[in-house]
Amino acid sequence: MLPFIPPQKRKAWIALSSLQGATSLHLRTLLGDKERPARMQIAAAGITLDYSHQRVNADVMTQLLALADESHVMQQALAMFQGESINLTENRAVLHVALRGSHISNPPWGAAISAQVAAQLLRVCLFAEKVRSGALLGFKQMSITDVVNLGIGGSDLGPRMTTGALVNQTQPPHGHPVKVHYVSNVDAWSLFNTLQNLDPVRTAFVVQSKTFTTQETMTLLASAKRWLLDGGCPKEKLHQHLIAVTASPHIAASQGFHPEHMFEFWDWVGGRYSIWSAIGLPLAIAIGSFGFQELLAGARAMDEHFLNAPADKNMPLVMALMDVWNTNFLGASTHLIAPYAAALNKFASFLQQMEMESNGKGTHIDGSKVAIKTAPLVWGSLGIDGQHAYFQLIHQGTHLVPIDFIGAREEHTPLPLAAEHHRVVILNMQAQAQALAIGRTEDETLQVLLKSGSSEEEAHRLAAHRSYPGNIPSNTVWMDALTPRALGALIALYEHKVFCQAAIWGIHAYDQWGVELGKTIAKEIESQQ
């Protein structure tokens, strides 16, 4: 293993430090180059990244790419794909990439893992179609019409986000609609609010927990069982309504789950990277097994791009480098995710966990303390809503907030005027990216006010208040259309971006010990009560 060098002591990092104050990097100037947008686009797997609105020039890009090379990012990526134990604090491999590549020959992670993955994927797909066909029967031999997912963290955010994004993009099952619901909050109201309009006779629960000991999920399970019993289900038939997804099937079996209703994943699947595994069962039920496999195919296409594209055309790597530049050299402490597709309304929450749980670390891989910023605070909501709310702060406030705008080129909502709706949405997204980049000077504002009829005195009084500094960096990420395949590629893009950031910062992306401390203390408090 190569000796660890802290990021700030690498040659390229030092070179970048000397470039960060360059006055020529205002986006108003950079975007004066009309060929810049075409030169700063990368397309792969149905996704296009336009990073022309980032505050970088050729010199900065040269050093950022040198930093990636000096940080051995792609060597570390290859180690992950080969199944090496890159999660060193838990001595585990990190192989969510294997979950979407079980079909390839001679996989780098080995045929044995591919065989396990393929077997579980087949079971998930067959079971999903069983539910969708009406063949899954409850205790009164009536078809299940509602599936409630009980899980927290990665067992909720991934399936919930993807189901919301895709459930209206796929064909419903013929003659047997099935609704999928999600409950993660252990607050009693959350479960009650979901169950109050459901029928115990026709409701099944998918219980998602890696260990099958997670306090929140087990509390929800106990209430779900009680609700079924109170609804007339005999105790010996509870298993017909209960489905387990876990890395601990023996524990699930000890709690009465039947083997045909148990689906397994493995300790090398991190919760925030688990949508590709059996954790995706509720999604497969919602959109069908074909749609679920299309999601996997899109992710696999992005995997192949990540492994094979040259550094300057490698979409995840370039996105990671933009974030490192903004965070460590331009001083940004937050990162806004602004989807301009209403179906992606949970995407920012999903990315919050992926990035901040992965890279919210203050210790380098060698155990030394980090002396630089790592993960920024990730936040956001639908861009159309945000531009009438917190975009004010971004335009004229004192915080630098880099943005990822996310849009779809095509819209297939079956509404007569859907094309016009989509045109307005995309127009707003493009306008915000441009306005935030170039801003408007006081002199320009003064001329606008004078031309609009303001007196010279009034124009001078208002000009400072109605000017915009601009120079806000952003990416625009385009999907060809919001489909399962495109969404799979989009998620994988951000997964690999997060990995590249961690490799550059010299931190472990795949443990989450900060989450564990709260759990431990909760148990200690409980034992004292």
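Two strands count as paired here if DSSP finds at least two bridges between them. With that in mind, welcome to a quick tour of this predicted model. We start with an open sheet of six strands, in the order E1-E2-E11-E10-E8-E9 and with mixed pairing, and then turn to the helices around it.

**The sheet**
- Strand E1 (41-44) and strand E9 (377-380) stand at the edges with a single partner strand each, so one side of each has no neighbour in the sheet.
- From one strand to the next, the twist averages 20°.

**Strand E10 and its partners**
- Strand E10 (residues 403-410) is largely enclosed by the rest of the structure, because six of its eight residues are buried.
- Strand E8 (residues 334-339) pairs with E10 in the parallel sense over four bridges, and Ala338 has Phe405 in E10 as its bridge partner.
- E10 also pairs with strand E11 (residues 474-481), in the parallel sense and over seven bridges; here Ile406 stands opposite Val477 in E11.

**Strands E8 and E9, with helix H14**
- E8 and E9 pair in the parallel sense over four bridges, and the bridge partner of His335 in E9 is Val378.
- Helix H14 (residues 347-359) packs on the sheet and touches E8, E9 and E10. The direction of H14 makes about 175° with that of E9.

**Helix H13 and helix H4**
- H13 lies across E1, strand E2 (47-50), E8, E10 and E11, and runs at about 30° to E2.
- Helix H4 (residues 58-70) packs against helix H13 (residues 315-329) at an angle of about 110°, with the axes 10 Å apart, and the two are therefore roughly perpendicular.
- Residues making this contact include Leu64 and Leu65 of H4 and Leu321 and Trp325 of H13.
- The contact residues divide into 11 nonpolar, no polar and no charged.

Terms used. Residues are numbered from 1 along each chain as its sequence is written. This is a predicted model: local features need pLDDT of at least 70, side-chain atom pairs count only at pLDDT 80 or more; totals for chains, interfaces and linings use all residues. Side-chain values use heavy atoms; hydrogens and water are left out. Buried means under 20% relative accessible area, exposed over 50%, partly exposed in between (1.4 Å probe, protein chains only). Axes are lines fitted to C-alpha atoms, for helices over the stretch in contact, and angles run from 0 to 180 degrees between N-to-C directions. Angles under 35 degrees count as roughly parallel, over 145 as roughly antiparallel, 65 to 115 as roughly perpendicular and the rest as oblique. Contact means heavy atoms within 4.5 Å. Ala, Val, Leu, Ile, Met, Phe, Trp, Tyr, Cys and Pro count as nonpolar, Asp, Glu, Lys and Arg as charged, and the others, Gly among them, as polar.
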